[in-house]
Every structure is written in structure tokens, then in C-alpha cells.
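Work through these exercises with the model open beside you. Try each task before you read its solution.

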Amino acid sequence: MLNELFTPSVQHALDIVGIFVFAISGALLAVRKNFDVFGIAVLAEVTALGGGLFRDLIIGAVPPAAFTDLGYFTTPLLAAVLVFFLHPHVERIQAGVNVFDAAGLGLFCVTGTVKAYEYGLGLTASAALGLATAVGGGVLRDVLANEVPSLLRWDRDLYAVPAIVGSTVIVLCIRFDALNALTSGVAVIAAFVLRLLALRFHWRAPRAYNRRSARADEA
């Protein structure tokens with residue numbers, strides 16, 4: 001089904017771009033945490049490949065693509081090298097990195113959902129794995145960096161919700177036999193635009209209804 005949506009070369013190129021940008025975000029966090037070069041490389045690899053590895057292991061697509069395609073494995077290392085030497089310059093173009101990160105989020109939630117469905121999962125489970133593909137690497141990155149995952153923090157702009165929207169559009173298209181390159185592109189764009197709007201207007205998920213606490217909010 002993926003090959004029907006995108007040619008293998010286009011799919012591979014899009015994957016590499018998404019992996020590279022996710023790896024940049026992992027490497028930048030490692031620099032902020034004062035990790036050494038090995039720590040930078042590990043966080044870059046985990047952020048870029050963690051979600052896809054989790055999906056492939058769950059659906060039984062083994063060995064995972066990250067270990068059968070050298071480009072998938074080496075791209076995060078290239079990103080780590082770039083950040084290691086040029087991190088002050090990369091930090092200055094963070095807004096641009098955020099745009100590509102949003103694009104990667106949209107792409108991975110769509111391809112993750114489709115691949116899970118191809119391997120026999122139901123629509124709900126496929127959407128859940130599409131979400132995991134898109135955000136799983138970021139969760140692992142934060143855990144390794146000893147931070148509360150951004151996915152769970154109320155003070156961070158919406159991240160999981162755009163991925164959920166993209167995955168939901170895909171499973172609806174599958175359900176109504178409307179999945180094609182055009183509708184897949186719409187799903188990617190929907191997740192991408194929603195993430196950019198969340199960044200622009202600082203949209204956040206609501207906390208518990210009528211929440212009262214004497215504890216000061218944590219930043």
C-alpha cells in the first residue's frame with residue numbers, strides 16, 4: 001500500500017529528511033544537557049529511529065528498517081556531527097528546524113499508520129501505532145535526558161494531537177476506501193499545519209477540569 005502512495009525512491013527520500021530533522025532535535029537536547037559526543041550521537045539515533053523501531057517490533061517487521069537500510073542508521077550520525085560542531089548556528093535557525101520537524105511529524109504518523117494496517121492491525125491499533133511512530137522517538141529522547149517527556153507536559157505546544165489528527169484521517173480514508181496519494185497528502189498537511197499553528201499560537205491541551213492545587217506550577 002505504501003508503494004501505491006509513493007514511489008520507493010520518494011518514500012525513502014522523505015524518510016531520510018524526517019529522520020535527519022528528528023535527529024537534529026535529539027542532538028540539540030544532548031548539547032543543552034552537556035552530553036559528550038557519544039551522548040549526542042545516542043540521543044540523535046534514538047530520537048530519529050525510536051518510533052519506527054517500536055512500530056516495527058510491534059507489528060513483526062523484523063529486522064526493523066533502521067537495521068536493514070544503512071541510510072536510516074547513518075543519517076542521525078551525520079546530524080549529530082553537524083550539531084557537535086555547529087550547534088550555535090543550528091540553535092539560531094530553530095524556527096526552521098521546527099518547520100521541518102512538523103513536516104516529519106505529519107509524514108511519520110501517516111506512513112506509520114499505513115504500515116501498521118498493512119501488517120494486519122485494525123484501524124484503531126493502526127492509528128495508535130501511527131502516533132507512536134511520530135512521537136515515540138521524542139519520548140525516548142526525553143526519558144534518556146532525564147526530563148518529563150514533552151508529550152506529557154501541559155506547558156508545551158500541542159505535539160501528539162496533530163499526529164492523532166493525521167493518523168485519524170488515514171484510518172478514515174482506509175475505512176471508506178478513499179486512501180490514495182492525494183488523501184494521504186491531505187493527512188500529512190493536516191498534521192503539519194496543525195503543529196505549526198500550535199507553535200505559532202501556543203495551543204496547549206487542557207489540564208484536569210476545575211483543577212485546584214496549592215502547589216506552584218512547574219515550568
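A charge sits over a ring if NZ of Lys or CZ of Arg is within 6 Å of the ring centre and within 35 degrees of the ring normal. Keep in mind that this is a predicted model.

**Exercise 1. Charges over rings**

Task: Find the ring under the charged end of arginine 207, and give its distance.

Solution.
Step 1. Go to arginine 207 and look for the ring below its charged end: the ring belongs to tryptophan 154.
Step 2. Read the distance: the charged end sits 3.9 Å from the ring centre.
Step 3. Repeat for arginine 200. Its charged end sits over the ring of phenylalanine 201, 5.1 Å from the centre.

**Exercise 2. Aromatic pairs**

Task: State how many aromatic pairs the structure holds, then describe the pair formed by phenylalanine 22 and phenylalanine 108.

Solution.
Step 1. The count is four aromatic pairs.
Step 2. In one of them, phenylalanine 22 and phenylalanine 108 have ring centres 5.3 Å apart, with 90° between the planes. Planes over 60 degrees apart count as edge-to-face, and this pair is edge-to-face.
Step 3. Place the two residues. Phenylalanine 22 is in helix α2 (residues 8-32) and phenylalanine 108 is in helix α6 (residues 94-118). They are 86 residues apart, so the pair links distant parts of the chain.
Step 4. Check burial, for which the cut-off is under 20% relative accessible area. Phenylalanine 22 has 4%, so it is buried. Phenylalanine 108 has 7%, so it is buried too.

Task: Are phenylalanine 84 and phenylalanine 85 stacked or edge-to-face?

Solution.
Step 1. The ring centres of phenylalanine 84 and phenylalanine 85 lie 5.0 Å apart.
Step 2. Their planes meet at 85°, so the pair is edge-to-face.
Step 3. Phenylalanine 84 is partly exposed at 37%, while phenylalanine 85 is exposed at 60%.

**Exercise 3. The nonpolar core**

Task: Say how many residues the largest nonpolar core has, and which have the most contacts inside it.

Solution.
Step 1. The largest nonpolar core has 38 residues.
Step 2. Ile24 and Ala134 have the most contacts inside this core.
Step 3. List the elements that give two or more residues to this core: α2, α3 (37-59), α5 (70-92), α6, α7, α8 (160-175) and α9 (181-201).
Step 4. The largest share, nine residues, comes from α2.
Step 5. Look around isoleucine 24. Leaving aside neighbours within four places in sequence, isoleucine 24 contacts Ala79, Leu82, Val83, Val90 and Val97.
Step 6. Another core of five residues lies apart from the largest one, and its members include Ile59, Ala116, Leu129 and Ala132.

**Exercise 4. Three helices**

Task: Compare the reach of α7 with its expected span, and find where α7 is kinked.

Solution.
Step 1. Helix α7 covers residues 123-144, which makes 22 residues.
Step 2. From first C-alpha to last, α7 reaches 31 Å, close to the expected 32 Å.
Step 3. Now find the kink: it is about 50° and is centred on valine 135.
Step 4. Step past the end of α7. Asparagine 146 has a positive phi of about 60°.

Task: Do the same for α6 and α8.

Solution.
Step 1. α6 has 25 residues and reaches 35 Å, close to the expected 36 Å. Just after α6, glycine 120 has a positive phi of about 95°.
Step 2. α8 has 16 residues and reaches 22 Å, close to the expected 22 Å. α8 is followed by aspartate 177, with a positive phi near 55°.
Step 3. Look at burial in α8. Its buried residues include Ala160, Gly166, Ile170 and Ile174. What covers the buried residues of α8 includes α6, α7 and α9.

**Exercise 5. Unusual backbone angles**

Task: Which residues does the cis peptide bond join, and what is omega?

Solution.
Step 1. The cis bond joins valine 62 and proline 63, with omega about -10°.
Step 2. Proline 63 is in the loop between α3 and α4 (65-68).

Task: Where is asparagine 34 found, and is it buried or exposed?

Solution.
Step 1. Asparagine 34 is in the loop between α2 and α3.
Step 2. Its relative accessible area is 69%, so asparagine 34 is exposed.
Step 3. Asparagine 34 is not a glycine, yet its phi is positive, about 65°.
Step 4. Histidine 202 is not a glycine either, and has a positive phi of about 55°. Histidine 202 lies in the segment after α9.

How values were computed:
Residues are numbered from 1 along each chain as its sequence is written. This is a predicted model: local features need pLDDT of at least 70, side-chain atom pairs count only at pLDDT 80 or more; totals for chains, interfaces and linings use all residues. Side-chain values use heavy atoms; hydrogens and water are left out. Helices (H or I, at least four residues) and strands (E, at least two) are DSSP runs, numbered from the N terminus. The expected span of a helix is 1.5 Å times one less than its number of residues. The bend at a residue is the angle between axes fitted to the seven residues ending there and the seven starting there. Rings of Phe, Tyr and Trp (its six-membered ring) pair if their centres lie within 6.5 Å; planes under 30 degrees apart count as stacked, over 60 as edge-to-face and the rest as tilted. Buried means under 20% relative accessible area, exposed over 50%, partly exposed in between (1.4 Å probe, protein chains only). A nonpolar core is a set of buried Ala, Val, Leu, Ile, Met, Phe, Trp, Tyr and Cys residues joined through side-chain atoms within 4.5 Å. Contact means heavy atoms within 4.5 Å.
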